[in-house]
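The following exercises concern the division of a protein chain into domains and the contact between them. Each task is followed by a worked solution.

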Amino acid sequence: MAHNVINGERLSGMDGLTADVVDPATGEVNGSAPISGPSDVDKAVRAAAAALRAWRRSTPRDRAHALLGLAAAVEDNAKRLADAECAETGKQWHVVLDEEIPASVDALRFFAGAARNLEGRSAGEYASGLTSTIRREPVGVCAQITPWNYPLLMAVWKIAPAVAAGNTTVVKPAETTPSSTVLLAELAGEYLPAGVVNVICGDRETGRLLVEHPVPALVSITGSTRAGMQVAASAAATLKRTHLELGGNAPVIVFDDVDVTDTAEKIVAAAFYNAGQDCTAASRVLVHADVHDELVEALTKVASAQRTGRGPREAADFGPLNSQAQLDRVTGLVSRLPAAAVVHCGGHRVGDRGFFFAPTVISGVRQDDEIVQEEVFAPVITVQSFGTEEEAVELANGVPYGLASSVWSESHRRVLRVSSALDFGCVWVNTHGALVSEMPHGGFKQSGYGKDLSGYGFEDYTRVKHVMSAV
Ligand SMILES: NC(=O)c1ccc[n+]([C@@H]2O[C@H](COP(=O)([O-])OP(=O)(O)OC[C@H]3O[C@@H](n4cnc5c(N)ncnc54)[C@H](O)[C@@H]3O)[C@@H](O)[C@H]2O)c1
Ligand SMILES: C[N+](C)(C)CC=O
């Protein structure tokens, strides 16, 4: 049973409401979590506000040491965290242990270093007799809302920069995946003062209450564009700062000078990682007409060989979708494909236990089809063809999203032109999906604004104050 963590205490929800938590690999209930109400939200926010008074005055060194301590604790407790994560996401244990936990540890260590490396413009006399200095200050209490696709990693991406900059936080994990975030907050409590990191479990309504609370100064969310729009609208009522990492629908532009087999293997790996439940998934392939059929054949061959299941690395390539709702959503999108679409493999659920979906490749779709315009968030690749570079860019940019993209070509001039024309926060060239703590992650258009990771992400959790003194 997951619980809230408020001011260092493990608490049940005050209203006594709970929701079942389901293992997506079996579809069976394996726990429950509080549905926090207004009193829980208020208590958590007030704990964060009380802790802020001292934490905002802590030195960068103290904050860095606390985050380094937490990073080591995450490493030491990797198996417990992986158990919690896998039970609620259905992920394969080795993926969490070998990839997501090291990435979480690295982000904690990166922001520990960033805490001690804030830079600013030089102080000086910009008016005669008056000295100007710039202070970078914490923003205040942060309300942070996380999704279910990478529950632990996204909690770290939110908590680490906020705390490193001297803010305190109330985190609301997704209703289907609360436990690893609760455990992370408990570990944080060993290194950070009580109230610096609080977690309230709950659903969208809990999230809404948190965003509407008058005290938080900043709201950050990773989730759907729908949720981001609601959060931004609600935050506007009290002019809270917003930081929105929302959906993506990444174009993968493949020119006719690539090694088709090698490219197909890399695209499938980037499309089906985490069962395609990734805002950067390589889901929307745009290929030059001359190599369209060859690439579709290669993608189908590689995709068909992918196995879905909970098993070890040798037995399964990716796990289940996160929930019955997600399975229904994806099944619905595929069932509404236009008559011209060709499903080369997959297109259906796997088995009748859990929420597994087969690796799927679809061609014959058009730009205005629902499956092209929507973020699918499943192991589904669509393929369209183009004739010219300009057409490729137009198709790539012709969706509401603007998070991530990739270009595949041997021509340096061409990738420079195309990467400049793409309306996406990230362009990968001859690769797709790698993220590093030092580089920003965040989108344009309806993928939101604000950056996670990097010095840019860190600055998003600070405010700039000008102090001018007579000399
Ligand atoms: N960008 C991402 O990493 C990401 C993550 C999850 C889902 N998605 C997209 O969203 C689609 C639907 O998934 P979903 O409905 O579970 O995601 P969601 O956006 O509804 O949920 C994400 C988080 O936001 C919270 N939330 C939702 N509405 C809110 C509101 N109005 N105010 C405050 N908090 C709110 C949820 O409780 C959860 O913690 C997916 O199919 C996918 O396309 C994207
Ligand atoms: C940011 N990322 C890619 C880890 C999660 C988005 O789905």
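Domain bounds, as used below, come from an automatic or database domain assignment. The model is predicted.

**Exercise 1. State how the chain is divided and how far apart the C-alpha centres of the two domains lie.**

Step 1. Domain 1 comprises residues 4–246 + 447–470, and domain 2 comprises residues 251–436.
Step 2. The distance between the C-alpha centres of domain 1 and domain 2 is 31 Å.
Step 3. To their contact, domain 1 contributes 31 residues and domain 2 contributes 30 residues.

**Exercise 2. Relate the chain to its UniProt annotation.**

Step 1. An unreviewed UniProt entry lists residues 18–467 as "domain: Aldehyde dehydrogenase".
Step 2. Over residues 18–467, helix accounts for 41% of the chain and strand for 21%.
Step 3. The end C-alpha atoms of residues 18–467 are separated by 49 Å.

**Exercise 3. Describe the area buried between domain 1 and domain 2.**

Step 1. About 2300 Å² is buried between domain 1 and domain 2, and carbon and sulfur atoms give 47% of this area.
Step 2. On the side of domain 1, the residues that lose the most area to domain 2 are Gln92, Trp148 and Ser447; together they supply 26% of what that side buries.

**Exercise 4. Identify the polar links between the domains, and the elements of domain 1 that touch domain 2.**

Step 1. Across the interface of domain 1 and domain 2, 15 residue pairs are in polar contact, with both residues at pLDDT 80 or more.
Step 2. Elements giving two or more residues to the side of domain 1 that touches domain 2 are β3 (18–23), α3 (78–89) and α4 (93–115).
Step 3. The most is given by α4, with five residues.
Step 4. By class, this side of domain 1 holds 11 nonpolar, 11 polar and nine charged residues.

**Exercise 5. Determine how many salt bridges the whole structure and the interface contain, and examine two pairs.**

Step 1. The whole structure contains 22 salt bridges.
Step 2. Between domain 1 and domain 2 the count is two.
Step 3. Glu28 and Arg353 are joined through their side chains by a salt bridge at 3.4 Å, N to O.
Step 4. Arg310 and Asp23 form a salt bridge in which the closest N and O atoms are 2.9 Å apart.
Step 5. This pair links distant parts of the chain, 287 residues apart: Asp23 belongs to strand β3, whereas Arg310 lies in the loop between α10 (292–304) and α11 (324–335).

Definitions and conventions. Residues are numbered from 1 along each chain as its sequence is written. Chains are lettered from A and ligands numbered from 1 in the order in which they are written. This is a predicted model: local features need pLDDT of at least 70, side-chain atom pairs count only at pLDDT 80 or more; totals for chains, interfaces and linings use all residues. Side-chain values use heavy atoms; hydrogens and water are left out. UniProt positions are given in the numbering used here, feature names are shortened, and annotations may be inferred rather than shown by experiment. Helices (H or I, at least four residues) and strands (E, at least two) are DSSP runs, numbered from the N terminus. Contact means heavy atoms within 4.5 Å. Buried area is the accessible area (1.4 Å probe) that two parts lose on being put together, summed over both. A salt bridge is a side-chain nitrogen of Lys or Arg within 4 Å of a carboxyl oxygen of Asp or Glu. A polar contact is a pair of N or O atoms within 3.5 Å; within protein, one must be able to donate a hydrogen and the other to accept it, and residues adjacent in sequence count only if both atoms are side-chain atoms. Ala, Val, Leu, Ile, Met, Phe, Trp, Tyr, Cys and Pro count as nonpolar, Asp, Glu, Lys and Arg as charged, and the others, Gly among them, as polar.
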